[in-house]
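Here is a friendly walk through one structure for the bench. Have the sequence and the 3D view open as you read.

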Amino acid sequence: MLAIMKREFSSYFLSAIGYIILSVFYVFGGFYFYAISLLNNTTSLTYVFNSLFVILIFLIPILTMRLFSEEKKQKTEQALLTAPVNLWEIVLGKYVAALLMFLICIVVTIFYAITISFFNMPSWSTIFGSFIGLFLLGASLISIGMFFSSITENQIIAAVSAIAVGVFILLIDSISQSMSISFIRNILNSVSFMSRYNNFNVGVINLTDVVFFISVCFIFNFLTIRVFEKKRWS
Amino acid sequence: MIEVKNISKKYGSKLALDNINFSLKDGEILGFLGPNGAGKSTTMNIITGYISSTTGTVMVDEDEIMENPINVKKKIGYLPEQPPLYQDMTVKEYLSFMYDLKKVKLNKKEHIESICNLVKISDVYDRLIKNLSKGYKQRVGIAQALLGDPEVLILDEPTVGLDPNQIMEIRSLIKRLGEKHTIILSSHILSEIQSVCSRIIVIDKGKIVADDTASNLSSSLSMDSRLLISIEGEPNDVIESLKDIEGVKTVVLGEQKDQNTFEYIVTYDKNIDVRKNVFSVMAQKECPIVSMNNVDMSLEDIFLRLTQGDEEVVEEKSVTDEMPDNDKVSEEKNNKILEQEENLDKEQKDGSEE
C-alpha cells in the first residue's frame with residue numbers, strides 16, 4: 001500500500017497536474033480570502049470556507065480523474081493486480097495519495113488565519129472546525145471521483161462524470177427547496193453536503209455530520225474495490 | 001509445481017478457453033504456441049490471477065490462485081503482452097516501485113542492479129521509460145518480472161518488437177533463467193519456441209491441440225514440406241493433376257489471386273522434391289505457374305492459412321482432397337467442403353501428435 005501511495009503521490013509532480021491543482025487552489029482561495037475577509041475587514045473565515053466548496057467541486061475531479069483510468073489505459077493495472085497485494089491496498093494507497101495532495105492544498109487556509117491574526121485574534125476553534133469540515137468534504141469528493149475513475153479508461157469521462165455529480169451535490173439544496181413532496185425533500189435534505197459542511201464552518205462539529213462524510217468515503221471506496229472484483233470475475 | 005485443471009473462460013457468450021488441462025514440473029520451460037486470439041494470453045492471465053476462470057482451478061504448489069492469491073502471486077513473475085510500464089517514470093524509479101510493490105525482501109540496490117545487468121538495461125537506468133525504444137521497454141518489462149527472484153516466470157510474447165540481435169539475446173537469457181526457474185512463455189513463432197522450450201502446448205480456438213516435447217513436435221511437423229503455388233487454370237483440373245504427382249500428399253485450395261488464378265497449398269513428402277514434376281505437369285496441362293514458394297513451417301502461417309482457408313472454401317464452394325488414393329468419394333461440393341474441413345483438422349492433429 002505504501003509503495004502505491006508513494007508512486008501515486010510522486011506522479012502528481014512528475015507531470016504538471018500537481019502544480020496546476022495547487023496553483024489553481026491557491027489563486028482562487030487567495031482571491032476569496034482577499035475579497036471576502038480582507039476587503040470586508042472581518043476576522044471571520046466562515047464565508048471563505050463556504051466559498052471553497054465550489055472550488056472543490058471542480059478541482060477534485062481533476063485530482064482524481066487519472067487515478068485508475070490512466071492505469072487502465074496504459075495497461076499498468078495488470079502489474080498491480082498480479083502483484084502480491086490486496087485490492088483494498090491498491091485502492092487505499094491511491095486514495096491516501098490523493099488525500100495527501102488535497103491536504104497540501106488546504107493547509108493554505110491556515111495561512112489565511114495566521115494573516116488575520118496580525119490584525120485581530122480570529123476564532124481559532126471555529127477555524128479548526130472549518131478545517132475539519134473542509135477535509136472531510138474533500139475526502140468524500142475524492143472517494144466519489146476515484147470511483148468514477150475506476151469505471152472508465154478515459155480521464156475526461158472520469159472528470160466530467162465526477163463534476164456532474166459534484167454540481168448535483170451543489171444543487172441539492174436548491175432542488176429540495178423547489179420540491180413540493182415532503183418525502184423527497186426530506187431525503188434530499190438528509191444527503192445535502194452543503195448544509196452539513198456549513199455546520200462545520202460556524203464551528204459546530206456534529207457527530208452525525210462527521211459520520212455522514214466518513215460513510216460517503218467508505219461507500220465509494222468500497223464500490224471502487226467492487227469494480228475491480230467484478231472486472232476480474234466477468 | 002503448476003497444475004491447471006479444467007480451465008474454461010467465457011467472455012459473455014463467447015467461449016475463449018475450453019477445458020484446458022496441463023501440469024508443469026519444477027524447472028520446465030513450457031511454450032504456448034498458437035495464432036493470435038487462440039487463448040494464450042487468457043490462459044496466462046488466469047494463471048497469474050489477473051482474471052478469473054469461469055470454471056476450473058489453477059494450483060501453484062499447494063495454493064489455489066483464487067483462494068490464496070497473495071501466496072501464488074508471490075511466486076510468479078509476469079510479463080504481460082503489453083509490458084505494464086509507467087511512462088512518466090525512469091527505469092530506476094519504476095523498478096524500485098515494482099520492488100516495493102512486490103514486497104521483495106532482498107538487498108534492494110544489489111538485486112535491482114544484478115537484474116539490470118542480466119537484461120542489459122544498465123545504460124538506460126536513468127532515462128524516462130517513455131523515451132525508450134520498444135526493445136528496451138520489453139526488457140524493462142522482463143526485468144520487472146524477475147524482481148524478487150520468483151520461482152515461476154510467465155512471459156507473454158517476450159520477443160515481440162525486438163530486433164533479431166535482441167531476440168537472440170532474450171532467448172539465450174530465457175534459456176539461462178530456465179536453469180533456475182519454471183517458465184511459461186507464449187509465442188506464435190515456432191522456431192522461437194523450439195529453440196527455448198523443452199515442452200510445447202499448441203492452443204487453437206481455446207483448446208489444446210497438442211502437448212508434447214519440442215523434439216517430438218518438430219519432427220512430426222517437419223515430416224512434410226509445403227509448397228505455396230499460384231496456378232492459372234480451372235481449380236478442379238489443377239487439383240486433380242497435382243495430387244496425381246508422386247509424393248504429393250494433400251492439396252488445399254487457397255485464396256483466389258486473380259481471375260482464374262488460384263493459390264494452392266501442396267503438402268508433400270520431404271524426401272521427394274516434387275517441384276520439377278509440378279512444373280512439367282502444369283506445363284503439359286497448359287496451366288501456367290505464376291509463383292511457387294516453399295513455405296516455412298511457421299505455425300502462425302499454417303494457422304492463418306487453415307482458418308482463412310475454411311472461410312474461403314465455403315464462400316467459393318471449391319474443392320479439395322487429401323490423399324490421392326481416397327478421393328473420388330463424393331461429387332457433391334458440400335460434402336467435399338465438409339470433408340476438407342475434417343481433413344484440415346486431421347492434418348493438424350497428425351502434424352502435432354505424431
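## Confidence and overall make-up

In this predicted model, chain B has a mean pLDDT (the predictor's confidence in each residue, from 0 to 100) of 79, and 80% of its residues reach 70 or more. Over residues 309-339 of chain B the pLDDT is below 50, and this stretch has 48 contacts (heavy atoms within 4.5 Å) in the model beyond near neighbours in sequence. Residues 349-354 of chain B also stay under 50 in pLDDT, and here the model has 15 contacts beyond four places in sequence.

A word on conventions: residues are numbered from 1 along each chain as its sequence is written, and chains are lettered from A and ligands numbered from 1 in the order in which they are written. Local features need pLDDT of at least 70, side-chain atom pairs count only at pLDDT 80 or more, totals for chains, interfaces and linings use all residues, and side-chain values use heavy atoms, with hydrogens and water left out.

Chain B contains 12 helices and 14 strands; these are DSSP runs numbered from the N terminus, with at least four residues (H or I) for a helix and at least two (E) for a strand. Of the 354 residues in chain B, 53% are buried. Buried means under 20% relative accessible area, exposed over 50%, and partly exposed in between (1.4 Å probe, protein chains only). Among contacts in chain B between residues at least 6 apart in sequence, 69% join residues at least 24 apart. Chain B exposes about 16300 Å², with carbon and sulfur atoms supplying 46% of that area (Shrake-Rupley method, 1.4 Å probe; for residues, only the protein chains shown count as cover).

## Salt bridges

Side chains of opposite charge can pair when their charged atoms come close. Over all chains, a search of the whole structure finds 19 salt bridges, each a side-chain nitrogen of Lys or Arg within 4 Å of a carboxyl oxygen of Asp or Glu. Three of them are set out here.

| Acidic residue | Basic residue | Closest N to O distance |
|---|---|---|
| Glu8(A) | Arg7(A) | 3.3 Å |
| Glu71(A) | Lys94(A) | 2.7 Å |
| Asp18(B) | Lys207(B) | 3.7 Å |

Glu8(A) and Arg7(A) are both buried. Glu71(A) in helix 4 (residues 66-74) and Lys94(A) in helix 6 (residues 87-106) link distant parts of chain A, 23 residues apart. Glu71(A) counts as buried at 4% relative accessibility, and Lys94(A) is buried at 0%. These four residues belong to a network of salt bridges that also includes Arg66(A).

In chain B, the pair joins strand 2 (residues 14-24), which holds Asp18(B), to strand 10 (residues 207-213), which holds Lys207(B), 189 residues away. Asp18(B) is partly exposed at 27%, and Lys207(B) is partly exposed at 44%.

## A buried serine

Ser176(A) lies in helix 9 (residues 155-178) of chain A. Is Ser176(A) buried or exposed? Its relative accessible area is 3%, so Ser176(A) counts as buried. The side chain of Ser176(A) reaches the backbone oxygen of Asp173(A) at 3.1 Å. Beyond its neighbours within four places in sequence, Ser176(A) touches Arg185(A), Leu188(A) and Asn189(A).

Key: A polar contact is a pair of N or O atoms within 3.5 Å; within protein, one must be able to donate a hydrogen and the other to accept it, and residues adjacent in sequence count only if both atoms are side-chain atoms.
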